[in-house]
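Biologist: I'd like a close look at one small part of this model rather than a tour of everything. Please pick a single residue and walk me through its strand, its partners and the turn beside it.

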Amino acid sequence: MTELDNLFDNKNTQTGNEFSKEEWIKQKIESREEAYVMLEIATEELDNPDSVMAYLDIQSRFDRYSVSKSLLIAYQNPDATRICDSKTWQKNNVRINKGEKEIVILEPGKPYTRDDGRTITPYNAKKVFDISQTNAAQRTLRTKMPDARVVIKALIRTSPVPVEISSQLPKETKAIYQPGVKKIFIKQGLDGDEIFRALSKEIAFAKLDNGSFNRNNLEFTAQAVSYIATSRAGYTPEPITAVSDKFLSLEVKDKRAQLAVIRENANSISHTINKALESMNKEHTER
């Protein structure tokens with residue numbers, strides 16, 4: 001982290017002077033390269049439960065953000081909840097606190113077509129600030145949580161396989177996806193949060209089953225999907241206690257590809273739940 005801080009702090013910002021076009025381009029390129037270096041480091045440092053959960057917490061709060069953007073935010077400000085660039089904060093009459101250090105992210109630029117016909121989307125570094133770095137009032141929005149039974153009913157709608165209640169599961173097993181019969185079995189008598197944590201993980205397993213199911217190989221991915229989905233539903237997720245050797249052995253590019261799979265499946269569950277809840281609320285209102 002220290003090397004990255006020095007990298008940014010030692011930049012020649014040339015404040016008060018106008019940049020020539022060449023100087024402006026040079027600074028943009030340098031900023032982008034610095035952001036890419038930080039992204040590589042942020043990805044490499046996903047080697048322990050705490051750093052993984054910091055990333056998953058950001059991804060759970062910023063569902064529309066890409067893996068790369070979420071990694072950069074988690075690396076620089078893991079407690080971020082709402083980010084904007086300085087111009088946007090200014091338009092909303094919000095002032096950035098003196099001495100605050102920017103969060104650097106990568107934003108897609110305007111696509112262009114190369115001579116060989118390939119369409120390329122360039123990325124540029126962008127400086128943003130979290131609401132905690134401003135004078136804006138931070139309010140905790142207290143939303144009324146729907147009945148747990150309604151949430152679980154919506155969660156079940158996201159499952160690609162049938163879900164059945166079972167009284168035959170082992171004591172320590174709260175839910176289990178059985179690839180042989182393409183069903184998820186869940187234990188009777190669980191609390192709402194227990195049901196959501198256990199069921200969302202098994203639904204993730206079912207979604208990840210590509211025909212050659214291996215529970216051990218998919219354990220970390222399914223747990224990460226459940227972590228995000230559970231957080232978004234307002235429940236406390238099951239902590240990540242270990243990072244799989246399989247994930248740790250991946251190259252940084254492949255790690256981000258795996259995180260993209262996690263993000264895609266978590267978003268699929270969360271968005272389907274939200275749509276189901278909206279539909280249920282509409283049906284209730286129309287009665």
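Modeller: Here is a walk around one tyrosine and the sheet it sits in, with a short detour at the end.

First, the ground rules. This is a predicted model, so local features need pLDDT of at least 70 and side-chain atom pairs count only at pLDDT 80 or more, while totals for chains, interfaces and linings use all residues. Residues are numbered from 1 along each chain as its sequence is written, and side-chain values use heavy atoms, with hydrogens and water left out.

Some background on the chain. The protein chain has ten helices and eight strands, where helices (H or I, at least four residues) and strands (E, at least two) are DSSP runs numbered from the N terminus. Of its 287 residues, 39% are buried; that label means under 20% relative accessible area, with exposed over 50% and partly exposed in between (1.4 Å probe, protein chains only). The exposed surface of the protein chain comes to about 17400 Å², and carbon and sulfur atoms supply 47% of it. Those areas come from the Shrake-Rupley method with a 1.4 Å probe, and for residues only the protein chains shown count as cover. Take the contacts (heavy atoms within 4.5 Å) between residues at least 6 apart in sequence: 60% of them join residues at least 24 apart.

Now to the residue itself, Tyr177. You'll find Tyr177 in strand β7, which covers residues 175-178. Tyr177 has a relative accessible area of 2%, so it counts as buried. Set aside residues up to four places away in sequence, and Tyr177 touches Val161, Lys182, Lys183, Ile184, Glu202, Phe205, Ala206, Asp209, Phe213 and Arg215. One name in that list also has a polar link: the side chains of Tyr177 and Asp209 make a polar contact at 2.6 Å. A polar contact is a pair of N or O atoms within 3.5 Å; within protein, one must be able to donate a hydrogen and the other to accept it, and residues adjacent in sequence count only if both atoms are side-chain atoms. There is also a C-alpha distance to check: Tyr177 and Lys201 are 24 residues apart in sequence, with 9.0 Å between their C-alpha atoms.

Next, the strand's pairing. β7 runs antiparallel to β8 (residues 183-187), and four bridges join the two; strands pair if DSSP finds at least two bridges between them. Across that pairing, Tyr177 has Ile184 in β8 as its bridge partner, and Ile184 is also one of the residues Tyr177 touches.

β7 and β8 make a hairpin with four residues between them. Lys182 sits in that loop between the two strands. What is the backbone doing there? Phi of Lys182 is near 55 degrees, which is positive although the residue isn't glycine. As a rule, most residues other than glycine have a negative phi. Lys182 has 38% relative accessibility, so it is partly exposed.

Which strand is on the other side of β8? The order of this open sheet of three strands is β6-β8-β7, with mixed pairing. The edges are β6 (163-166) and β7, each pairing on one side only. Neighbouring strands of this sheet are turned against each other by 25 degrees on average, direction ignored, using axes that are lines fitted to C-alpha atoms, for helices over the stretch in contact, with angles running from 0 to 180 degrees between N-to-C directions. β6 and β8 are parallel, paired over four bridges, and Ser166 has Lys187 in β8 as its bridge partner.

For the detour, try Asn93, another residue other than glycine with a positive phi, near 60 degrees. Asn93 lies in the loop between α5 (86-91) and β2. With a relative accessible area of 72%, Asn93 is exposed.
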